[in-house]
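The exercises below concern the fold of one protein chain. Each task is followed by a solution in steps.

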Amino acid sequence: MSASPSVSYSITVRLEAPSYGNAVSGITRAVEDAGGVVTGLDVSGSGRDRLRVDVTIAASSEEHSRAITEELSKIEGVEVGKVSDRTFLMHLGGKIEMSSKVALRNRDELSMAYTPGVARVSLALAENPGDARRLTIKRNTVAVVTDGSAVLGLGNIGPIAALPVMEGKAALFKQFAGVDAWPLCLDTQDTEEIIKVVKAIAPGFAGINLEDISAPRCFEIERRLRQELDIPVFHDDQHGTAIVVLAALTNALKVVGKKLQDVRIVGSGAGAAGTAILKLLIAAGATDITVADYHGVVHAGRDDTHGDGDLRWVAEHTNPGNLTGTLKEALAGADVFIGVSAPRILTGDDIATMAPGAIVFALANPEPEVDPDDALAHAAVVATGRSDYPNQINNVLAFPGVFRGLIDAQSNNVTPEVLVAAARAIASTVNDVDLNPSYIVPSVFHKDLAKTVAEAVVAAVKGEPAQ
């Protein structure tokens, strides 16, 4: 699968070119011949003989960007000046900031916002800590906590390298749900120390979003924090992914005319996301799921399922047919494939062995388990984690609305009922008229998405029936 030009590798090149002849068209042609796409061309300066031209170009990689720039430098009469990487420009100085909600224009306002007036509020909270949700930022603030051990598809790159990702997460919280989130990148990967730190900072937050913490430590960290804190703890890599997968599968099954309780599902990956997806599908009514990892199909007879608590749980709650062998063998005749594992482990021929009306969710990023185009030759519905194909399984569909709802409901816990309600709310935003094989999940910019999810979460927390 060759990479297409993308805004992720967008550059702006400043050029000096002759003001006569076909110099500008030659610039465009050179970019296109090099495989790039011109997305903007602005004349930023002009003289009698020369033009200053800023050309914005989408490339497919950093190497491709450099190759395009090299081709531009070969055009007769054209001089290449500054080359700006637009992604890095967006991140200069960080992407989020703190701003005051109150004016501090005179001594009276300062005296109420800070000393001496603030002491009255502090004393009131010392007497009644429960009022913190009413009188402080705790009512609307989430900590986005990572140790940098499993960042995107980049692996264990550490807390500093994780910071831009966590900043982006905080920006999405604010943009889509009005939640004030702040990144906390911890310089430790010790399970007990992470738990201790999060417990120590918890008083200032209404919720904890664990992010990009590797398995199996993430299971224990989340489990313990849920037991020991009085605010909701949500591991987005597990439960955000699971919510969106269930939402997408709900609508994909509508497209092919099948029901969750009747289909045979095969999963690839028994890590954090894979296990969370499995548990949520079972909670929603799935009855026939088989999971494979890099050792093959997970079954009770495997020696490694006896000592590992999480893998043992998978073995005990899946594979009703007692299958053994490989992923490819298990896939034959299956209705649904859900991959959260490794790139290029399947081919189109493997998908062809699935049942008619097959559904394929190949979610490994940036390279899916199977080439989406090859899968589409045999499957009825295909989804990926990529933004350059339809049906992107993107956690931003879930976590802003989920936390908005948890905060509004003043919830202390994240239950399976909450997760299922969020998934069904996401699915419901795609109406039957618009539903088709290439549109099973809404756009992240759908105006009612976060509100719909939040309302469903509030109802689930209160034990009310879904609307």
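Two strands count as paired if DSSP finds at least two bridges between them. The model is predicted.

**Exercise 1. Describe the chain as a whole: its secondary structure, extent, burial and contacts.**

Step 1. The protein chain has 18 helices and 14 strands.

Step 2. Its C-alpha trace spans about 75 × 75 × 45 Å along the principal axes.

Step 3. Of the 467 residues, 47% are buried. The exposed area is about 22800 Å², with 52% of it supplied by carbon and sulfur atoms.

Step 4. Take the contacts between residues at least 6 apart in sequence: 67% of them join residues at least 24 apart.

**Exercise 2. In the sheet that contains β13, which strands stand at the edges, and how is β13 paired?**

Step 1. The strand order is β11-β10-β9-β12-β13-β14, an open sheet of 6 strands with mixed pairing.

Step 2. β11 (296-297) and β14 stand at the edges; each has a single partner strand, so one side of each lacks a neighbour in the sheet.

Step 3. Strand β13 (residues 359-362) runs parallel to β14, and 4 bridges join the two. Val360 has Val382 of β14 as its bridge partner.

Step 4. β13 also pairs in the parallel sense with strand β12 (residues 336-339), over 4 bridges. Here Val336 is matched with Ile359 in β13.

Step 5. Helices are then placed on the sheet. Helix α11 (residues 272-284) touches β9, β10 (288-293) and β12, and its direction makes about 175° with that of β10. Helix α10 (residues 236-256) lies across β9 (264-268), β12, β13 and β14, at about 155° to β13.

**Exercise 3. Are the residues on the two faces of β14 buried or exposed?**

Step 1. Side chains in a regular strand alternate between the two faces of the sheet.

Step 2. In β14 (residues 381-384), Val381 and Ala383 are on one side, while Val382 and Thr384 are on the other.

Step 3. The cut-off for buried is under 20% relative accessible area. All four named residues of β14 are buried, and both faces of the strand are therefore covered.

**Exercise 4. Work out the arrangement of the sheet that contains β1 and the helices that pack on it.**

Step 1. The sheet is open and antiparallel, with 4 strands in the order β2-β3-β1-β4.

Step 2. β2 (37-46) and β4 (79-85) are the edge strands, each pairing on one side only. From one strand to the next, the twist averages 20°.

Step 3. Strand β1 (residues 6-18) is joined to β4 by 5 bridges in the antiparallel sense. Val13 stands opposite Val83 in β4.

Step 4. Helix α1 (residues 23-33) touches β1, β2 and β3 (50-59), and its direction makes about 150° with that of β2. Helix α2 (residues 62-73) lies across β1, β3 and β4, at about 15° to β1.

**Exercise 5. Characterise the surroundings of Asn209.**

Step 1. Asn209 is in strand β7 (residues 207-210).

Step 2. Its relative accessible area is 0%, so Asn209 is buried.

Step 3. Leaving out residues up to four places away in sequence, Asn209 touches nine residues by name: Val142, Ala143, Val144, Val145, Lys169, Phe173, Phe234, Asp236 and Phe403.

Step 4. One of these, Asp236, is 27 residues away along the chain, with a C-alpha separation of 6.6 Å from Asn209.

**Exercise 6. Which residues make the nonpolar surface patch of about 430 Å²?**

Step 1. The patch is made by Val102, Leu104, Leu110 and Tyr114.

Step 2. Leu104 is located in the loop between α3 (86-91) and α4 (107-113).

Terms used:
Residues numbered from 1 in each chain as written. Predicted model: local features only at pLDDT ≥ 70, side-chain atom pairs only at ≥ 80, totals over all residues. Heavy atoms only, no water. Patch = residues over 30% accessible without salt bridge, like charges linked within 9 Å, V, L, I, M, F, W, Y side chains within 5 Å. Areas by Shrake-Rupley, 256 points an atom, 1.4 Å probe, with all protein chains shown as cover. Salt bridge = Lys/Arg side-chain N within 4 Å of Asp/Glu carboxyl O. Buried < 20%, exposed > 50% of the residue type's maximum accessible area, 1.4 Å probe, protein only. Contact = heavy atoms within 4.5 Å. Axes fitted to C-alpha atoms, helices over the stretch in contact; angles between N-to-C directions.
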